[in-house]
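Subject: Handing over the structure

Dear colleague,

I am passing this structure on to you, and below it I have set out what was found. Please keep it open while you read.

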Amino acid sequence: MKVFVTGASGYIGTAVVQELINAGHQVVGLARSEESAKIISDAGAEVLLGSLEDLQILQEGASQADGVIHTAFIHDFTQYLKAGEVDKAAINAMSEVLQGTDKPLVVTSGMLALPQIDGFIREESSAAHSPRTSEASILELVKEKGINGSIIRIPPSCHDKGDKGFIPFIIAQALKNGVSAYPEDGTNQWSSVHRLDAAKAFRLAVEKAEKGAVYNVVGDQGIETKKIAELIGQKLNLPVRSLSGDVLTVHFDWMSLFITFDARANGTKTEELLGWKPTHIGLLQDMEENYF
């Protein structure tokens, strides 16, 4: 099938593009710059020039494809509400040209701040009050417009070489402040998934095209933030300390709220629905081998 991929030159998007091409699909990738266009074309995909805010371009890409995978997101956590608005507008625009067809639209969502059920964030956990609006937006379109939409939920850490997300920021703050820190008693846990495992889940989701499906793409179900801090301290030869209150806020900066969340997650249902299993190394081993 011909798949339009937004964020095709990004950290997750590049892996998705490669996964799709290796499986025999034709890929068109959205590129906001000549540099991004080169990454996409070098991977063997076609290029559609435009940004996430070019709604007509998004509609062009979606209308000419057999399916869409939407991985693009403006990762500016200082303007998170604005990023969410841009994301919602993009999803709405692509859905307009997909309405009345059965073409799948797979969007990306997160897990932080979702409610737990029996100790884990599960597929049934509601994202109605999540700060990231993509999931609520597409589910509303599924219900109201009949869009063939589904959601891939990514854990707080989607790890691999080239990661520029939460874990590298935690490492950078440890170096900056001379201490590897964790919140309170450090028993809150984060789930994770390897980037290449996540890419496979995206491919399976667009192939299976299950309307309204929510997929928890989970490798490690939960790793204590204290263990993450201890590994960072060991690798950087820094003291490891518990922080709370204003000191925690100063140390972790914009991430001070996120680091306190408990994001243990279960993806058993997803594994059954997609026929998917994580096969790559876990977060701590990946950090040990590739993050320092």
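At roughly what angle do the axes of helix H1 and helix H7 cross? Before the answer, one caution: this is a predicted model, and what follows should be read with that in mind.

The axes of H1 (residues 11-22) and H7 (residues 195-208) cross at roughly 60 degrees and come within 8 Å. That makes the two helices oblique to each other, and the crossing in which H1 passes H7 is right-handed. On the H1 side, the residues that meet H7 are Tyr11, Ile12, Thr14, Ala15, Val16, Glu19 and Leu20, and their partners in H7 are Arg195, Leu196, Ala199, Lys200, Phe202, Arg203 and Val206. Sorted by class, this contact holds nine nonpolar residues, one polar residue and four charged residues.

Staying with H7, you will find Lys208 in this helix, and it is partly exposed, with a relative accessible area of 42%. Leaving aside residues up to four places away in sequence, Lys208 touches Leu273 and Leu274. Lys208 and Glu60, by comparison, are 148 residues apart in sequence, and their C-alpha atoms lie 23 Å apart in space. In the loop between H7 and strand S10 (214-216) comes Ala209, which has a positive phi of about 50 degrees although it is not a glycine. Ala209 is partly exposed as well, with a relative accessible area of 24%.

The second helix pair to look at is H6 (residues 166-177) with H8 (residues 225-236), which pack at an angle of about 55 degrees with their axes 11 Å apart. H6 and H8 are therefore oblique to each other, and their crossing is right-handed. The contact is made from H6 by Ile167, Ile170, Ile171, Ala174 and Leu175, and from H8 by Ile228, Ile232 and Leu236. How do the residues of this contact divide into nonpolar, polar and charged? There are eight nonpolar residues, with no polar and no charged ones.

H6 also appears in the surroundings of helix H9 (residues 245-252), in which Leu248, His251 and Phe252 are buried. Those three cover an arc of only 80 degrees around the axis, which puts them on the same side of H9. Among the elements that cover these buried residues are H6, strand S8 (180-183) and strand S12 (240-243). On the face of H9 that is turned away from its buried side, you will see the exposed residues Asp246 and Val250. Just after H9, Asp253 takes a positive phi of about 55 degrees.

A little further along, in the loop between H9 and helix H10 (268-274), is Met255. Is Met255 buried or exposed? With a relative accessible area of 0%, Met255 is buried. Not counting residues up to four places away in sequence, Met255 touches Phe166, Phe169, Ile170 and Trp190. The C-alpha atoms of Met255 and Ile170 are separated by 8.6 Å, although these two residues are 85 residues apart along the chain. Ile170 is also one of the residues through which H6 makes its contact with H8.

Helix H11 (residues 283-290) can be read in the way that H9 was, beginning with its buried residues, which are Leu283, Asp286 and Met287. They cover an arc of only 100 degrees around the axis, which puts them on the same side of H11. What covers them includes strand S7 (157-159), H6, S9, strand S11 (220-224) and H8. Both H6 and H8, the pair described above, are thus named in the cover of H11.

One last residue to look up is Glu184, found in the loop between S8 and strand S9 (189-194). Its phi is near 50 degrees, a positive value in a residue other than glycine. Glu184 is partly exposed, with a relative accessible area of 49%.

If you would like a route through the model, you might begin at the crossing of H1 and H7, go on to the packing of H6 and H8, and then turn to the buried residues of H9 and of H11.

With best wishes

Key
Residues are numbered from 1 along each chain as its sequence is written. This is a predicted model: local features need pLDDT of at least 70, side-chain atom pairs count only at pLDDT 80 or more; totals for chains, interfaces and linings use all residues. Side-chain values use heavy atoms; hydrogens and water are left out. Axes are lines fitted to C-alpha atoms, for helices over the stretch in contact, and angles run from 0 to 180 degrees between N-to-C directions. Helices (H or I, at least four residues) and strands (E, at least two) are DSSP runs, numbered from the N terminus. Angles under 35 degrees count as roughly parallel, over 145 as roughly antiparallel, 65 to 115 as roughly perpendicular and the rest as oblique. A crossing is left-handed if the near helix is turned anticlockwise from the far one by less than a right angle, and right-handed if clockwise. Contact means heavy atoms within 4.5 Å. Ala, Val, Leu, Ile, Met, Phe, Trp, Tyr, Cys and Pro count as nonpolar, Asp, Glu, Lys and Arg as charged, and the others, Gly among them, as polar. Buried means under 20% relative accessible area, exposed over 50%, partly exposed in between (1.4 Å probe, protein chains only). The arc is that of the directions from the helix axis to the C-beta atoms.
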